[in-house]
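Here are my notes on the structure that you asked me to look over, set out as numbered points. Please read them with the model open beside you.

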Amino acid sequence: MSRRAAGLKAWIWQRLTAIYLGLFILFLLGRLVLDPPLHVAEWRGWLGGPLVSTASLLFVFALLLHAWVGVRDILMDYVRPIALRAGLMSLVIVILLGCGLWAVEILIVARVG
Amino acid sequence: MKFRVFRYNPDEDEQPYLQDFEVAAERGMMLRDALLQIKTQDEGFSFRHSCGEGVCGSDGVNVNGENKLACITPLAELKEPVVVRPFPGRPVIRDLVVDMSQFFQQYRAVQPWLIRKDPLPEHEILQSPEERERLDGLYECILCGCCSTSCPSFWWNPDRFHGPQALLTAWRFLADSRDQAADERLDELEGPYKLFRCHTIMSCVEACPKHLNPTRAIGNIKNLMLKKSI
Ligand code: SF4
Ligand code: SF4
Ligand code: FES
């Protein structure tokens, strides 16, 4: 990358994560429709498998990144005062990171339990 | 035919207001003709216009919520009362006359001229028919501003976002086989504002009286940028 690419990078990440989100949602829906798990244990076992749990983790990561680019765009468009914008952006980062950690915890529990 | 026209004279009026006018519409009349009739009823009424045939780009106004060139908008297509306002988001100078300086500053910022590094040849710089064809749908822009002033991203950041018109022009020169400053032009467009405030809302495409497609041009710029950075 020769360019600083602050705008380009955000745009590319938005596209890439959107593709992955779409694919994963299709995959999830496919599984739910074609072979619905009958009880919690089965669901957990499926979610705890190494492939599915890695894919889910990636999904959470992609979702958070996608959300971040979107919210950042909205804040850049509508919130002009720099201090307020920085404050809101920090708040969003904290919330998104919190969601991320929580999702990781859920996946670990599904794997271990 | 009933008209409701935006009026504002900053020297006299505290607030802008809408004034009703009645115009005798005839077959084939354009909105510009109606505005001219209104001007004979009230000489103080101001709006820009010149060529009367959709070429000069000076009479863009907001009609029933859409940006159009008054001179090529048939009255027959308009619902009554016809509400005529100045372009949204621009500072009003008087009535329908707005200050377009920021729009032209953004145009200037993309360096709308050919940049050559090689010494200029004695004769014209030739293009193949295919190379020439790439400029179709780009060079026809008449700088009327219908697109940029209907773009929400331009409303919020007219000082930092180039807007659809200037970006269409940026692509017009990036796509030109005779131009030799593609890298500099792309570098210039980097950052989160100048190009990337466009969220592909496509209001610009809908507004353009010349049926140009700034959104596609913007997509082409992004793709070229991507190609050059990997
Ligand atoms: S496509 Fe981009 S430039 Fe066109 S109106 Fe939408 S945000 Fe503005
Ligand atoms: S792109 Fe179309 S709407 Fe925009 S300034 Fe040019 S002619 Fe007018
Ligand atoms: S008067 Fe020239 S474009 Fe309408």
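1. In chain B, B:G60 stands opposite B:L69 in β4(B), where strands are DSSP runs of E of at least two residues and helices are runs of H or I of at least four residues, both numbered from the N terminus. Strand β3 (residues 60–63) and strand β4 (residues 66–69) of chain B pair in the antiparallel sense over 4 bridges, pairing being accepted if DSSP finds at least two bridges between two strands. The hairpin of β3(B) and β4(B) has 2 residues between the strands, and B:N64 takes a positive phi near 45 degrees.

2. A word on the basis of these notes: this is a predicted model, in which local features need pLDDT of at least 70 and side-chain atom pairs count only at pLDDT 80 or more, while totals for chains, interfaces and linings use all residues. Residues are numbered from 1 along each chain as its sequence is written, and chains are lettered from A and ligands numbered from 1 in the order in which they are written.

3. The largest nonpolar core (buried Ala, Val, Leu, Ile, Met, Phe, Trp, Tyr and Cys residues joined through C-beta atoms within 7 Å) has 53 residues, and those with the most contacts inside it are B:L167, B:A170, B:W171 and B:I221. Buried here requires 20 or more other C-beta atoms within 10 Å of the residue's own, with C-beta atoms placed from the backbone. Helix α5(B) gives the most to this core, with 7 residues. Because domain 1 (2–98) and domain 2 (101–229) of chain B both give residues to this core, it lies between them; the domain bounds come from an automatic or database domain assignment.

4. Leaving aside residues up to four places away in sequence, B:W171 touches B:L138, B:A217, B:N220 and B:I221, contact meaning that the C-beta atoms, placed from the backbone, lie within 7 Å.

5. Which residues are closest to ligand 2? They are B:C141, B:C144, B:C146, B:C147 and B:C208, among 15 residues that surround this ligand, a residue being counted if its C-beta atom, placed from the backbone, lies within 6 Å. The largest share of this shell, 3 residues, comes from helix α5 (residues 163–174) of chain B.

6. Around ligand 1 there are 13 residues, the closest being B:C151, B:P164, B:C198, B:I201 and B:C204, and α8(B) gives the most to this shell, with 3 residues.

Methods:
A residue is buried if 20 or more other C-beta atoms lie within 10 Å of its own, exposed if 12 or fewer, and partly exposed in between; C-beta atoms are placed from the backbone. Two residues are in contact if their C-beta atoms, placed from the backbone, lie within 7 Å.
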